[in-house]
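User: I've got a model open and I'd like to talk through a few of its features. Can you take me through them?

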Amino acid sequence: MDITLNPYIMRKFFLGVFVLCTSAGFSQSKKTDPNKEAVIESVSKHQQELVSISDKIWAYAETALKESKSSKELADYAEAQGFVVKRGVSGMPTAFIAEYGSGKPIIGIMGEFDALPGISQKAQPTREALQAGAAGHGCGHNLFGAGSLGAAVAVKELIAKGKLKGTVRFYGTPAEESVGGKIYMARDGLFKDLDVCLDWHPNPEIAASTQSSQAMIDFIVEFKGKSAHAAADPWNGRSAVDGVEAFTHGVNLLREHVLPSVRMHYAIKAGGDVPNVVPEYGKVWMWVRDSKRSVVDQVFARVNDIAKGAALIAGVEVKVTVQTGDYELLVNRTGAAALQKNLEILGPITYTPDEIAFAKKIQEAQGHEQTGLDGAIYPLKETKEHPEGGSTDVGDISWNVPEITLTTTTAPKNTAWHGWAVVACGGMSIGHKGMLFSAKALAMTMVDLFENEQLRKDMRAEFEKRKGNTVYKAYIPDGPPPVPANN
Ligand SMILES: [Zn+2]
């Protein structure tokens, strides 16, 4: 495991500092912000602890809303570092808030820690389960939680020394992979008093994110009919599976008449048990997505009509239940530009020959070109009108508070996400390097946010402009989320 600070990165750091100071018109003798140097040192000082926390959460591999040991690992560490910790917020035992300092500004940072079912994997480049059938961190959330907390601790140390004024708040956000814990926390107003919030996500490339995500709604359609003998008296029966078939047929006709950006996908969860009984129950689990929440709302209304029509055709009853939904991410380019400067100061992540060989072996195992790892820093990208596929509950937070999102390399390119290879990299030095890099970059950006009131104002102005008149309303029902059954 090679997690010591690479001398190349340090060299780039000081070079970057020099360039930044010169370009900002400072005298060349002036060093970078000492607070930024201090947070980098803090992450280095705590790196063994952060790696240990990440590795423990990786090994626990607890799925959505069952992350009790993982959540405790992070919350206990925050408490030991002097944070005031509130556990079990928004009706979720594994959701927590850890806060240090007082007064404004209040800068938040989020950490996830839930795993995915069925993808257990050893930290090696060939496929082999750590425990057959168990869960695994196929989205790198073990790194996400530990890295964000590392950044919060670094900032806390500066507040404790009186070098920064205000409050740093870490959000322990469970169940990103299912019901979306952040949405419940947002519904309860837990992000309302923040000035800015930050997050990061494991990825095959480093970027200060300037891209949105897809809005989506997740719902269940249930049909209830009347059972009968399928041969003796089928005329006395009303088939719930007829309802399911008419519904899915209707949805598939609808595909022609929605915007190209719309995605609709479903799974038939119940469709009768045996052929010789008219089935009385049918169930479809469906998602509708688009690059805009407003379009998702329109399509969902039409899908509701199709469900009613299907029930009429089959002579059965229908019930549609919304489980959850995400907003699209509201981009904040002002915040991304501030983060970008810090990525350039830190410079690229470099890898050892062993790490590159590990990555290439993974690419080979998955039938991809063996390009190794990409730890480069690229220029800030243009924002696409329609984001690539995928939704996140960070989207909901971004409609409540200006958000800065970082993605950091923790696995090779073309790696199937939510799969064994991401689990493998997240449990060894490739993942650890990404996690420590993220902690530093986010802590440096938080230093900017604490020190620079104009940056906070500019981020808020962009946020208000992009949000317009939209009033945030979570898709979820009242009360705490149900623990997902298929975890
Ligand atoms: Zn994820």
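User: What span should helix α7 have at 1.5 Å a residue, and how far apart are its end C-alpha atoms?
Analyst: This is a predicted model, where local features need pLDDT of at least 70, side-chain atom pairs count only at pLDDT 80 or more, and totals for chains, interfaces and linings use all residues. Residues are numbered from 1 along each chain as its sequence is written, and side-chain values use heavy atoms, with hydrogens and water left out. Helices (H or I, at least four residues) and strands (E, at least two) are DSSP runs numbered from the N terminus, and the expected span is 1.5 Å times one less than the number of residues. Helix α7 has 15 residues (240-254), so the expected span is 21 Å, and its end C-alpha atoms agree at 21 Å.

User: Which residue caps the N-terminal end of α7?
Analyst: Look for a polar contact, meaning N or O atoms within 3.5 Å; within protein, one must be able to donate a hydrogen and the other to accept it, and residues adjacent in sequence count only if both atoms are side-chain atoms. A side-chain oxygen lies 3.1 Å from the backbone nitrogen of V241, and it belongs to S239.

User: What covers the buried residues of α7?
Analyst: Buried means under 20% relative accessible area, exposed over 50%, partly exposed in between (1.4 Å probe, protein chains only). The buried residues of α7 include V244, F247, V251 and L254. Their cover, by contact (heavy atoms within 4.5 Å), includes β7 (215-224), β8 (263-271), β9 (281-290) and α8 (293-314).

User: Is D195 buried or exposed?
Analyst: D195 sits in the loop between α6 (181-187) and β5 (196-203). Its contacts beyond four places in sequence include P105, V401 and R456. Because its relative accessibility is 16%, D195 counts as buried.

User: Which side chain makes a polar contact with the side chain of D195?
Analyst: D195 touches several residues away from its sequence neighbours, among them I106, R460 and K104. The polar contact, at 3.0 Å, is with the side chain of K104.

User: In what order do the 7 strands of the open sheet run?
Analyst: Strands pair if DSSP finds at least two bridges between them. The edge strands, β1 (84-87) and β6 (207-208), each pair on one side only, while β5 and β11 (403-409) are parallel over 7 bridges. The pairing is mixed, and the order is β1-β2-β4-β3-β5-β11-β6.

User: Which residue of β11 does N203 stand opposite?
Analyst: β11 covers residues 403-409 and pairs with β5. The residue opposite N203 is T409.
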